[in-house]
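The following exercises are meant to be worked through with the sequence and the 3D structure in view. Please attempt each task before reading its solution.

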Amino acid sequence: MIVQKYKDMLKGKSVIRQLSEFATARGEEIGYENVFDYSLGNPSVPVPQEFTDVMIDMLQNCDPMELHGYSQSLGIPSVRRAIAQSLNKRFGMNYTENHIFMTTGAAGAIAHAIRCVTRQGDEILTFAPYFPEYNPYVNLSGAVLKVVPANVEDFQINFDAFEEMLTDKVMAVLINTPNNPSGIVYTTETIKKLAALMSEKSKEYGHDIFLISDEPYREIVFEGTDAPYISKFYSNTLSCYSYSKSLSLPGERIGYVAVNPECADAEYITNMCGQISRGTGHNCPPSIIQLAVSKVLELTSDLSVYEKNMNILYKELTSLGFECVKPGGTFYMFPKALEEDATAFCEKGRKYDLVMVPSDTFGVKGYFRLAYCIDTDKVERSLEAFEKFVKAEYR
Ligand SMILES: Cc1ncc(COP(=O)(O)O)c(C=O)c1O
């Protein structure tokens with residue numbers, strides 16, 4: 001007999017994927033260059049040339065047994081060491097290789113972190129707007145995801161609602177900054193307040209409350225934005241990182257969990273991740289990709305295009321009357337729709353070949369997400385479509 005739980009999940013197909021499929025189908029009719037596809041968070045700039053050069057060099061000159069052999073289950077020790085050293089240098093931390101667990105992207109990192117610190121029925125809090133894939137990550141672990149309502153004024157944390165929901169059932173808090181979908185970066189003040197409240201409640205309830213910090217957009221931060229390194233402010237932090245966005249490598253599936261050395265039971269957590277990966281079958285991420293990223297740790301793709309696109313869109317949309325909190329990073333923005341029903345709003349936009357994602361899927365009503373990881377030329381050409389759309393439908 002097949003398992004109903006997974007069969008039921010078939011009904012919950014990702015809205016983002018459906019919209020992306022729509023954009024592809026529409027592209028076949030009118031040419032994809034004429035579809036203003038703001039649906040998918042797929043990086044639009046290539047991997048740095050240095051990464052390609054490293055791969056070529058390794059393939060030509062390294063021992064194929066090393067490149068294509070099984071990685072150790074926690075990741076290749078030299079790679080974990082290099083990552084720890086780089087984080088220490090950049091953020092003043094004290095990681096060693098024993099605090100780094102290599103994963104298949106941020107998704108793999110979060111799935112392991114959740115399993116390390118929550119049991120069946122324990123609650124995990126996250127904050128709206130949030131990345132909808134948190135639902136399967138959490139639900140399949142047996143924990144229960146609860147969503148703290150948004151602070152729509154600036155998309156920092158709604159602390160009144162958070163405090164109310166931070167009961168003794170909560171074992172972990174899952175944050176994402178810079179944030180998908182809002183593009184907002186939590187300030188130092190927000191993180192300090194979050195850490196203080198979590199420390200206070202951990203003491204009151206007599207158990208640890210872990211912070212799982214989802215950070216795939218850590219390097220995509222715009223000028224003048226305060227972007228603190230989260231783990232510095234709260235010792236019980238498991239940082240979940242990915243090279244998908246910073247190096248434009250989403251298809252290579254590579255990332256890590258970094259366990260704060262001061263965290264409770266720090267000496268067990270990476271090894272526990274190794275045991276979890278045995279059980280889920282997600283052990284040993286590709287050796288060659290681990291080795292290649294370890295040689296370009298301080299590099300990123302040319303991420304400047306995202307800030308450029310953001311500025312163009314922000315200027316145009318606000319001049320058309322949209323309310324929008326200005327993003328501090330990522331390649332997303334999250335303006336308020338021009339009617340209450342965000343799905344109806346996005347549907348009308350499709351008449352103008354604007355593919356936007358309604359906010360309901362992110363746990364907030366009445367907004368929409370634009371993933372502006374597309375060519376600047378297309379962003380510029382889309383401005384006329386936005387103007388036509390707004391004038392025809394809302395004036
Ligand atoms: C907020 C957030 N977390 C996690 C992920 C998963 O990242 P990865 O592709 O590295 O697994 C994504 C991917 O888009 C994301 O936007």
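**Exercise 1: The two domains**

In the solution to this exercise, 26 residues of domain 1 are in contact with 31 residues of domain 2, where contact means that the C-beta atoms, placed from the backbone, lie within 7 Å. This is a predicted model, in which local features need pLDDT of at least 70 and side-chain atom pairs count only at pLDDT 80 or more, while totals for chains, interfaces and linings use all residues. Residues are numbered from 1 along each chain as its sequence is written.

Task: State which residues form each domain, and describe the side of domain 1 that touches domain 2.

Solution.
1. Domain 1 consists of 4-47 + 302-394, and domain 2 of 49-294; such bounds come from an automatic or database domain assignment.
2. Taken over C-alpha atoms, the centres of the two domains are separated by 26 Å.
3. On the side of domain 1 that touches domain 2, helix 12 (304-319) and strand 9 (332-333) each supply at least two residues. Helices (H or I, at least four residues) and strands (E, at least two) are DSSP runs, numbered from the N terminus.
4. Helix 12 gives the largest share of this side, three residues.
5. By class, this side of domain 1 has 15 nonpolar, nine polar and two charged residues. Here Ala, Val, Leu, Ile, Met, Phe, Trp, Tyr, Cys and Pro count as nonpolar, Asp, Glu, Lys and Arg as charged, and the others, Gly among them, as polar.

**Exercise 2: Two helix pairs**

Task: Determine how helix 3 is placed against helix 11, and how helix 6 is placed against helix 10.

Solution.
1. The axes of helix 3 (residues 49-61) and helix 11 (residues 287-294) come within 9 Å and cross at roughly 130°. Axes are lines fitted to C-alpha atoms, for helices over the stretch in contact, and angles run from 0 to 180 degrees between N-to-C directions.
2. Helix 3 is therefore oblique to helix 11; angles under 35 degrees count as roughly parallel, over 145 as roughly antiparallel, 65 to 115 as roughly perpendicular and the rest as oblique.
3. Phe51, Val54, Met55 and Met58 of helix 3 make the contact with Ile288, Leu291 and Ala292 of helix 11.
4. By class, this contact has seven nonpolar, no polar and no charged residues.
5. For the second pair, the axes of helix 6 and helix 10 (residues 266-280) come within 9 Å and cross at roughly 110°, so these helices are roughly perpendicular to each other.
6. Their contact joins His112, Arg115 and Cys116 of helix 6 to Ile269, Met272, Cys273, Ile276 and Ser277 of helix 10. It has five nonpolar, two polar and one charged residues.

**Exercise 3: The ligand shell**

Task: Identify which helix gives the largest share of the shell around the ligand.

Solution.
1. The ligand is surrounded by 13 residues, and the closest are Gly105, Ala106, Ala107, Ser242 and Ser244; a residue is near a molecule if its C-beta atom, placed from the backbone, lies within 6 Å of it.
2. Helix 6 (residues 105-117) provides the largest share, three residues.
3. The shell has five nonpolar, seven polar and one charged residues.

**Exercise 4: Backbone details in loops**

Task: Locate the cis peptide bond from alanine 128 to proline 129, and the positive phi of phenylalanine 155.

Solution.
1. The bond from alanine 128 to proline 129 has omega near -5°, and proline 129 lies in the loop between strand 3 (123-127) and helix 7 (134-139).
2. Phenylalanine 155, with phi near 60°, is found in the loop between strand 4 (144-148) and helix 8 (159-165).

Notes: Two residues are in contact if their C-beta atoms, placed from the backbone, lie within 7 Å.
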